[in-house]
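Here is a brief report on strands, surface and buried residues. Take the sequence and the model together.

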Amino acid sequence: MPVTVTMPRLSDTMEAGTVVKWHVKEGDEVSAGVVLADIETDKATMELECFDDGTVAQLSVAEGEQVDVGATILVIAEEGESAQDAVANAGSAGATKAEGGSDTAASTGTAVAEPPASTGTSSNGTHADEGVRVFASPLARKIAADAGVSLAGMTGSGPSGRIIRKDVEAAIAGGAVPTPTAAPAPTAAPAPVAAPQPAPLPPAGASLEARVVPLSNMRGVIARRLVESKQTIPHYQVTVEIDMDPLLELRSQLNEQLTTQGVKLTVNDFLVRACALAMHEHPYVNSSWDGSSNPPKININGAVNVGVAIALPEERGGGLVVATLRDADRNGLRAISQETKRLAKKARDKGLTPDEMSDATFTISNLGMFGVDHFTAIINPPNSAILAVGAAIEKPVVKNGEIVVGRVMSATMSSDHRIIDGAMAAQYLQTVKQLIESPASLLV
């Protein structure tokens, strides 16, 4: 029987997907773990991974074509089956559930949106310390490696007993014993940063090319959500200036001490922790408006999940995604730093899963790395607030009655006036300001 791969449902709101790029062609032999294609959903561009062995009999969808969830996009012929017979019999292939998808996601050989791990074994399986081959998805192996947990002995709930993400997460939550790991090798000192070069100028008399750019799924969703946010949420902004000298000095000391451990904290890591801790004193900032009930109500979230806005490169379609740092109030700076870097790299290289972009209760948008000193941001529903952060700018400040040069950062919070009053926003920002200006408090 042929394996019929259909357009998977990679998010709760996904109704159609676009095949951005095929990584295989008709006649190619494929095996479990091979990346078949890049699929653009309504939220991100993700990799489609194969679960079966065989030969590509037909690519049913052209690159750039958008098809509904459940529509056939690829047919795989099994061993001994001709491509013609596989295509002819493709309609009889039944659908089964795949990790990260739904019952209509694909057939026995469907793919899931997970990045391949960089290992010496095949994507289908890896070898445990005991020499027993363990079959696990790339994402499951990545999570296990990050947590220092062995896959040996785990029971998989995926196809053919394959270990998938939720199996590893359940094992970690159940207190799985970490495997011994070697100490990381010292990292080399960073190379000197070159002075910024002026932007290249176009040739004299050059003109821009007029063209029409069709909306991608993601750009269309971004447009709809932002219009909805501005039209339905009464925005207002409150700005505070924060003395960054103490934090930048502490950050420099910590990074120097942690160099041999491969840790480099960013200003954004401190911001995430400060904003998360401040929620305990100002829980309404960590809430959402529920207009579906009569009368409407406010839902104060118990979990503090901070979303960080990540700009995607143009080669991945551009756009903006919000990666979620779960339980940011209960994680230290090192954990926040590692998870932020992991999510940012994955968003730009492979694409985030719906789970990695869901359930944020507050969002931070930081444009300081681009030299922006002040801006306002649009609230990311269903959040009640978003913090727009600029760069730490050197300017004259008054300290101990004297004018000196200080580094000051502007932070502007856009708030939902149905939930957060002006005084409430100001008090929350004051707490965040106090935590950042006394950064040692963020270490405990």
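A disulfide is a pair of cysteine sulfur atoms within 2.5 Å. By that cut-off, the structure holds zero disulfides. The model is a predicted one.

**Cysteines and other residues by accessibility**

Two cysteines deserve a look here. Cysteine 50 has a relative accessible area of 0%, so it is buried, because buried means under 20%. Cysteine 275 also counts as buried, at 0% relative accessibility. The table sets these two beside a threonine and a tryptophan.

| Residue | Relative accessible area | Class |
|---|---|---|
| Cysteine 50 | 0% | buried |
| Cysteine 275 | 0% | buried |
| Threonine 340 | 15% | buried |
| Tryptophan 289 | 30% | partly exposed |

**Threonine 340**

Threonine 340 belongs to helix α7, which covers residues 333-349. Its relative accessibility is 15%, and the limit for buried is under 20%, so threonine 340 counts as buried. What is threonine 340 in contact with, leaving aside its neighbours within four places in sequence? The partners are Asp269 and Leu325.

**The four-stranded sheet**

Strands of a sheet pair through backbone hydrogen bonds, either parallel or antiparallel. In this model, four strands make up an open sheet. Their order is β1-β8-β6-β3, and the pairing is antiparallel. Which strands are at the edges? They are β1 (3-6) and β3 (29-30), each pairing on one side only.

Inside that order, β6 and β8 are neighbours. Strand β6 spans residues 54-59 and strand β8 spans residues 72-77. The two run antiparallel and are joined by four bridges. One residue pair can be named: threonine 55 has alanine 77 in β8 as its bridge partner.

**The β14-β15 hairpin and its patch**

Further along the chain, strand β14 (residues 287-290) pairs with strand β15 (residues 297-300). The sense is antiparallel, over four bridges. A hairpin of six residues connects β14 to β15. Serine 287 stands opposite isoleucine 300 in β15.

Isoleucine 300 also appears in a nonpolar surface patch. How much accessible area do the patch residues have together? Tyr284, Trp289, Ile298 and Ile300 have about 330 Å² together. Tryptophan 289 lies in strand β14. At 30% relative accessibility, tryptophan 289 counts as partly exposed, because that class lies between the under 20% of buried and the over 50% of exposed.

Conventions
Residues are numbered from 1 along each chain as its sequence is written. This is a predicted model: local features need pLDDT of at least 70, side-chain atom pairs count only at pLDDT 80 or more; totals for chains, interfaces and linings use all residues. Side-chain values use heavy atoms; hydrogens and water are left out. Two strands pair if DSSP finds at least two bridges between them. Patches are made of residues with over 30% relative accessible area and no salt bridge: like charges are joined within 9 Å, nonpolar side chains (Val, Leu, Ile, Met, Phe, Trp, Tyr) within 5 Å. Accessible areas come from the Shrake-Rupley method with a 1.4 Å probe; for residues, only the protein chains shown count as cover. A salt bridge is a side-chain nitrogen of Lys or Arg within 4 Å of a carboxyl oxygen of Asp or Glu. Buried means under 20% relative accessible area, exposed over 50%, partly exposed in between (1.4 Å probe, protein chains only). Contact means heavy atoms within 4.5 Å.
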